[in-house]
Amino acid sequence: MGPVESLKYFIPELIILCGAFGAFLLDFAVRNKRAVGIFSLFVMAAAAFAMKNPAGETLSLFYGFFHLDVFAHWFRIFALIAVSVTLMLAMDYPPLKNRYEGEFYGLFLFMAFALITVAAANNLLMIFLAVEFVSLLSYLLTGFLKHDPKAKEAAVKYLLFGSVCSGIMLYGISLLYGAAGSIELGHVWQTLRSPSMSALGTVGVLCFFAGLGFKISMAPFHMWAPDVYEGAPTPVTAFLTVGPKALGFAVFTRVLITVFSPSFAHWGVVLTALSMLTMTIGNLTAISQTNIKRFFAYSSIAQAGYILMGLAVFSPLGQNAVMIYLFAYLFTNLGAFAVVCLVEGASGKSNISDYAGLSERSPATAFFMTVFLLSLTGIPPLAGFIGKYYVFAAAIEGKAIALAVVAAVNSAVAAYYYFRIIRVMYLVPKAETQPTFGTSPLYPKIVLWLMSAGVVTLGLFPGYFIKLLFG
Amino acid sequence: MTSHLLSWITFTPLIGAFVLLCLPKRAHDWIRWIALATTAITAGLVCLAFPLFRASESGFQLVERAMWIPQFNIQYLLGMDGISFPMVFLTALISIMACLGSLAHIRVKGGREKEYYFLFLLLETGIMGTFLALDLFLFYIFWEVVLVPMYFLIGIWGGPRKEYAAIKFFLYTLAGSLFMLLGILAVYFGSEPRTFDMTLLASMKYGLVFQKIVFLAFFLGFAIKVPIFPFHTWLPDAHVEAPTPISVILAGVLLKMGTYGFLRFSYPLFPDAARWFQPAMGVLAVIGIIYGGFVALAQTDFKKMVAYSSVSHMGFVLLGLAAMNADGFRGALLQMFSHGTITGGLFLLVGVLYDRAHTRDLNDFGGLGEKMPVYAGILIFFSLASLGLPGLSGFVSEFLTLLGSFQYSKLMTGLAAIGILLAATYLLYMIQRILLGKLNPKWSSLPDINYLELSTLVPLMIFILGIGLYPKIILDYMIPTLDGLLKTMGGAV
């Protein structure tokens, strides 16, 4: 499909792009920067309305640079939810109030644009550009509070680590291009099918593991995550744990299916081992954390390990598992971060010890946090359990017994540290010095309700979601 | 209401729990009365099942079926048979008693009553659902739902080492049930057509290797819950630290979820593996019986002694299951019921004493028989029931299990009989140290048991005596189903 015809399917992207520039202009005009945030939310809503489910057919836009299919569609929805929720959390986040608040919203609209293009990107060049676009914005947003030394350090670390991983992926892309003479995914697939190319395919896929593994915080490319998650402003952390990660998985899935499926026998084992490694490292390190944001960083590494199970098995069920798990994780983690934002807003700190006696100071907040933590643990009937169920089912169906057993043991370990937070909230009495909770700000509260509704409905009526996502 | 009776039984406590959530925190009386009324209504609903349930038939009755997650063929499937009916009845009974016991409990009254009863009722829903679910997926959900309120009930209202006990209980059971989940998935993918429906799965045949592996996965989940030696270490901690009413539920009902799982799922699904593991099960049962008995004998803490006696008595259930014949199964299921009432009662009695003396050290007491005559009488009654005095329900069930196991292995039966001897020893030794001897002057002003406490114990005594004198009233409900189970397993009735 040519560019002019494609444009009518590109309306959500155009809305967001115009909205992003509009937000920057509005930032000059208005004194109350909150208005920019509300404007951005409207832009997101408009983009969501403009988005249509292609329902079965695959639209090839801009001469095949973008493939708009059901898979891309739901990841676009995912990206919109993640960005909208982050915008809502940011609007009541005190440290942002000092400066450049308007620009923050504008940058996030760009981020939304980048994310929804990633989901549809369908050739090597576009994939690299879209992923880099997301990365650059992530570096920028991580260091947004530029007078905070932790944020600065996090941003630099993120940048350096990310650049190396992108470089490796680019090298892999150049190898593939050299072999196939084309950046079309289909051509590369054709080339890799011949047995003589299997070694090249293996090298190529390993390069992609580095580049995309960095995005999804897969071990051993996870080292940046704890520092970045701790240093970044909390709403950005919330976003980083779901947004780029999910899109990393989207690209990963697309690349593995459309390019590297011939050499599954080679990389399947590697991915299985990396999945085990990722969840084990994440879980074991999470146990000893004292900062809640670092804690969630390691938890999110572990969760990435579970999600990888779906790809490591590489069956249709496994691919569905990735998407279901990501949606469950989206609701759960953003909800948990809404609580982190609330507590940070009330006490100014984000240590686990600041949650002591939360059940007395703010029973509702503690209750919501418990629901989200239980969902992360994988206790039915909550969304996290459906995700776990899916990846376990995929592993058992694929006869990956070792993987399933490692994941089961890991889940039990994970329960220990998730319950550490619950213990602090319910079993440890509040300290005298802890500030009382005032009335909670509006937007994080809305997020709490929406996300917990998502967690519970996905947990109780997964059939509806599955039908929606996969038809 | 009778058309969806099982759903009502399962979810009435949940409705009550949400009603509680809407009440203000300070409305203590309302909270208590609503909680108590909810357990009573649930028990009433269970009683409604008596005229509807045809005891002479072996299949599932009062079945409710609705598609829940069509993509995986997961159904909302509830049903009741002669195995689950006694357990459901026991749950309803013990829940009322525990709720009555909570009314006077110090730590519960001390604060956060609303949360307590909310979690209590949530727990009851989970247990009812576990006993009634016939879809493996649904069963797993209820099974897990039980864990969370239990964690909080021990963790918030427990004794000095409550946090340790609560997380230990939680992690142990969760680890076991995760392996069970893997087993459930293996069953699902091994069935043709793929289903979680127990009514269909029971008629499918699997290869022996597959059966053995999946049997072990289920075994981990159930064995930790029972608990079978060597997975029992969470039990003394949890039972001792939990507040009295929760210990009653733990010992009275929760442990039965494990043995119920064997009867409901492991045996009908994997009969060949069950036969293959029969000696192992028998050995573990005997170890549990003797080990639990000896450890109970060594305790100086009253509650810990009762906790370890549970390990020993649940060993008898396992022994009956391992026998895999008609008498063994009957004894096992009956022992599940009578252990629930007897040990539940003993934990309540521990609570009565602890509330007055604030210690459970057996060596600290003595001569309480004359200060608290009614208490003494009831304690002796429950102890005799527990050690298997003929005429009380403990005797009938233990006798039946031994009768069953004798047909399987004379050696194991002989060794298990030592357990009865041990039970007599530790229980009588306990009575001696508490009730007989010289009165410790510290306790000269202890009041006797009051009416509220009596009301929690007397109904249990009625059942213990009733079943002891005329076991047919309950066996009639169990036998057709158990015989049917044996037939599907290919054994002789």
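Visitor: How many helices and strands make up the secondary structure of chain B?
Guide: This is a predicted model. Chain B carries both kinds of element. The count is 21 helices and two strands.

Visitor: Why is chain B said to be as compact as a globular protein of that length?
Guide: Start from the 493 residues of chain B. The globule rule gives 23 Å for that length. The chain is close to this, so it counts as compact as a globular protein of that length, with a radius of gyration of 21 Å.

Visitor: What share of the residues in chain B is buried?
Guide: Buried here means under 20% relative accessible area. Chain B has 493 residues to sort. The buried share is 67%.

Visitor: How far apart are the mean positions of the positive and negative charges of chain B?
Guide: Chain B has 31 positive and 26 negative charges. Take the mean position of each set. The two lie apart by 3 Å.

Visitor: What radius of gyration does chain A have?
Guide: Chain A has 20 helices and two strands. For 471 residues, a compact globule would come out near 23 Å. Chain A agrees with that, at 21 Å.

Visitor: What part of the exposed area of chain A do carbon and sulfur atoms supply?
Guide: Chain A exposes about 16000 Å². Carbon and sulfur atoms supply 70%.

Visitor: In chain A, what percentage of contacts with a separation of 6 or more joins residues 24 or more positions apart?
Guide: Contact means heavy atoms within 4.5 Å. Count those with a separation of 6 or more, then take the residues 24 or more positions apart. They account for 80%.

Note on methods
Residues are numbered from 1 along each chain as its sequence is written. Chains are lettered from A and ligands numbered from 1 in the order in which they are written. This is a predicted model: local features need pLDDT of at least 70, side-chain atom pairs count only at pLDDT 80 or more; totals for chains, interfaces and linings use all residues. Side-chain values use heavy atoms; hydrogens and water are left out. Helices (H or I, at least four residues) and strands (E, at least two) are DSSP runs, numbered from the N terminus. The radius of gyration is taken over C-alpha atoms; the globule rule is 2.2 Å times the number of residues to the power 0.38. Buried means under 20% relative accessible area, exposed over 50%, partly exposed in between (1.4 Å probe, protein chains only). Lys and Arg count as positive and Asp and Glu as negative; His and the chain ends are not counted. The place of a charge is taken as NZ of Lys, CZ of Arg, CG of Asp or CD of Glu. Accessible areas come from the Shrake-Rupley method with a 1.4 Å probe; for residues, only the protein chains shown count as cover.
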